[in-house]
Amino acid sequence: MKLKLILSTLAIALASVTYAQTFECIDKSALIEVDLNSYNSAQIDISNLLGSDLFLEWDAFDNTLNPGWDIALCDYTSCYTGIPDSGTMTTLPGGINAFFKINVNPYDALDSGEVSFSVYDAKTM
């Protein structure tokens with residue numbers, strides 16, 4: 001008999017800071033329960049509300065994810081090992097959605113964690 005253990009929690013929160021409504025976070029946060037010794041994912045989609053190119057930048061803060069976990073962050077077309085402090089997304093064409101996706105394997109490390117992102121239109125900042 002297999003016993004599934006749900007022991008760790010990962011949360012992603014996005015806060016948009018813009019002068020005009022140029023994009024929308026479809027879900028403001030994603031909360032998942034992850035399995036030990038397994039890869040788990042959480043994703044938040046971002047909608048481009050402009051009819052033209054959008055240039056998004058982001059900053060990560062309040063990162064309490066366990067440094068012993070195997071973590072990768074993807075933002076639209078780029079993926080990073082771990083969670084960088086900041087980044088610039090590839091130009092987002094009008095009508096196309098972007099995303100933040102975190103893949104995490106906690107291995108045997110029983111823990112919980114959270115990371116938040118501030119996302120903004122680089123042209124308005």
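Which residue in strand 9 does Asn40 stand opposite? Keep that question in mind as you open the structure, a predicted model, and we will reach the spot shortly.

**The whole chain**

Start with everything shown as a cartoon. The chain has zero helices and 10 strands, so-called β-β-β-β-β-β-β-β-β-β when read along the sequence. There are 125 residues in the chain, and buried ones make up 39% of them. Switch on a surface if you like: about 6700 Å² of the chain is accessible, with 51% of that belonging to carbon and sulfur atoms. Now think about contacts between residues at least 6 apart in sequence: 74% of these join residues at least 24 apart.

**Strands 4 and 9**

Select residues 40-48, which form strand 4, together with residues 97-105, which form strand 9. The two run antiparallel, and eight bridges join them. Now pick out Asn40 and look across to strand 9: the residue opposite is Val104. That settles the opening question.

While you have a strand on screen, here is a general point to look for. In a regular strand, side chains alternate between the two faces of the sheet.

**Strand 6, beside strand 9**

Keep strand 9 selected and add residues 70-75, which are strand 6. Six bridges link strand 6 to strand 9, again in an antiparallel arrangement. Strand 9 therefore pairs with strand 4 as well as with strand 6, since at least two bridges are what a pairing needs. Click on Leu73 and find its bridge partner in strand 9, which is Ile102.

**Across to strand 7**

Stay on Leu73, but turn to strand 7, residues 78-81. Which residue of strand 7 does Leu73 stand opposite? Tyr80 is the one to select. Strand 6 and strand 7 run antiparallel and are joined by three bridges. These two strands form a hairpin, with two residues between them. In the turn, select Tyr76, whose phi is positive, at about 70°.

**Colouring by confidence**

For the last stop, colour the chain by pLDDT. The average is 81, and 83% of the residues score at least 70. Strand 7, which you have just visited, has the highest confidence, at a mean of 96. The lowest is in strand 1, residues 6-16, with a mean of 45. Select residues 1-10, where pLDDT stays under 50; the model gives them 35 contacts beyond four places in sequence. Then try residues 14-19, where pLDDT also stays under 50 and the model has 23 such contacts.

Key. Residues numbered from 1 in each chain as written. Predicted model: local features only at pLDDT ≥ 70, side-chain atom pairs only at ≥ 80, totals over all residues. Heavy atoms only, no water. Helix = DSSP H or I, 4+ residues; strand = E, 2+ residues; numbered from the N terminus. Buried < 20%, exposed > 50% of the residue type's maximum accessible area, 1.4 Å probe, protein only. Contact = heavy atoms within 4.5 Å. Areas by Shrake-Rupley, 256 points an atom, 1.4 Å probe, with all protein chains shown as cover. pLDDT = per-residue confidence, 0-100.
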